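Student: Could you take me on a close look at one part of this protein? I'd like to see how that part fits with the rest.

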Amino acid sequence: MPLQKEEFTQIYSTHFTKVLRLCKGYVNGDQAIATDLAQEVFMKVWQHRAEFRADASVSTWIYKIAVNTCLLQLRKAAVNKEIRTDILPDRADESDTLATEERFQQMYAGIYQLDSTARLIILLVLDGLAYEEIASIVGISESLLRVKIHRIKKRLAKLIQL
């Protein structure tokens, strides 16, 4: 049974922030591009709502759409050879808010350097998804997922320290 308008509104309210964070991880923390991608994800959810078969949870279905949308964006950017400008500030500000924002930007920059699978896994971990659901989205066993998460965290820590 396809999603109805009220269900879609509930799904949008529940998942938009999570999808936005996932998209930010794919576009190096660029808020504007990530917002466009998140909106595109929910347009696809609405357009393809009749195809949702409830084989997996709604959140798993939405994450798969989000990942595919982000990967398509990255391919388009590579073909068009977009030149991205990093927005890291030249110096740290004394304000806690700015320092926190800078740390987030460094984290997104580190995540951006990971391969696409590692990026997906760490973004879903940061979103707080259960390992079982992440394994389902990525298509690997839960035990392999745990190994990958350990390696990704070590690699990400090195990238952020550089």
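Tutor: Let's zoom in on helix H7, residues 142-161, which is where Arg155 sits. Keep in mind that we're looking at a predicted model. Arg155 has a relative accessible area of 43%, so it's partly exposed. It also has company: Arg151, Lys154, Arg155 and Lys158 form a positive surface patch.

Now slide along to another pair in H7. Arg146 and Glu142 join in a salt bridge, with 3.2 Å between their closest N and O atoms. Why is about one helical turn the spacing here? Because Arg146 and Glu142 are four residues apart in helix H7. Both partners are partly exposed: Arg146 has 46% relative accessibility, and Glu142 has a relative accessible area of 34%.

H7 also gives us a link to helix H4, residues 96-112, where Gly110 is found. The C-alpha atoms of Gly110 and Ala157 are 8.3 Å apart, though 47 residues separate the two along the chain. Gly110 is buried, since its relative accessible area is just 2% and the cut-off for buried is under 20%.

So how does the rest of the protein look? There are seven helices and zero strands, and 36% of the 162 residues count as buried. The structure holds three salt bridges, including the Arg146 and Glu142 one you just met. Another is a bit like it: Glu40 and Lys44 meet in a salt bridge at 3.5 Å, N to O, and these two are also four residues apart, both in helix H2. Glu40 is partly exposed at 28% relative accessibility, and so is Lys44, at 22%.

Then there's the salt bridge between the side chains of Asp127 and Arg21, at 2.7 Å, N to O. This pair ties together distant parts of the chain, 106 residues apart: Asp127 is in the loop between helix H5 and helix H6, while Arg21 is in helix H1. Asp127 counts as buried, at 10% relative accessibility, whereas Arg21 is partly exposed, at 35%.

While we're at helix H1, check out its kink of about 50°, centred on His15. His15 is also one of the buried residues of H1, and Phe8, Ile11 and Phe16 are among the others. After H1 comes Asn28, in the loop that leads to helix H2. Most residues other than glycine have a negative phi. Asn28, though, has a positive phi, near 60°, and counts as buried at 12% relative accessibility.

Technical notes
Residues are numbered from 1 along each chain as its sequence is written. This is a predicted model: local features need pLDDT of at least 70, side-chain atom pairs count only at pLDDT 80 or more; totals for chains, interfaces and linings use all residues. Side-chain values use heavy atoms; hydrogens and water are left out. The bend at a residue is the angle between axes fitted to the seven residues ending there and the seven starting there. Buried means under 20% relative accessible area, exposed over 50%, partly exposed in between (1.4 Å probe, protein chains only). Patches are made of residues with over 30% relative accessible area and no salt bridge: like charges are joined within 9 Å, nonpolar side chains (Val, Leu, Ile, Met, Phe, Trp, Tyr) within 5 Å. Accessible areas come from the Shrake-Rupley method with a 1.4 Å probe; for residues, only the protein chains shown count as cover. A salt bridge is a side-chain nitrogen of Lys or Arg within 4 Å of a carboxyl oxygen of Asp or Glu. Lys and Arg count as positive and Asp and Glu as negative; His and the chain ends are not counted. The place of a charge is taken as NZ of Lys, CZ of Arg, CG of Asp or CD of Glu.
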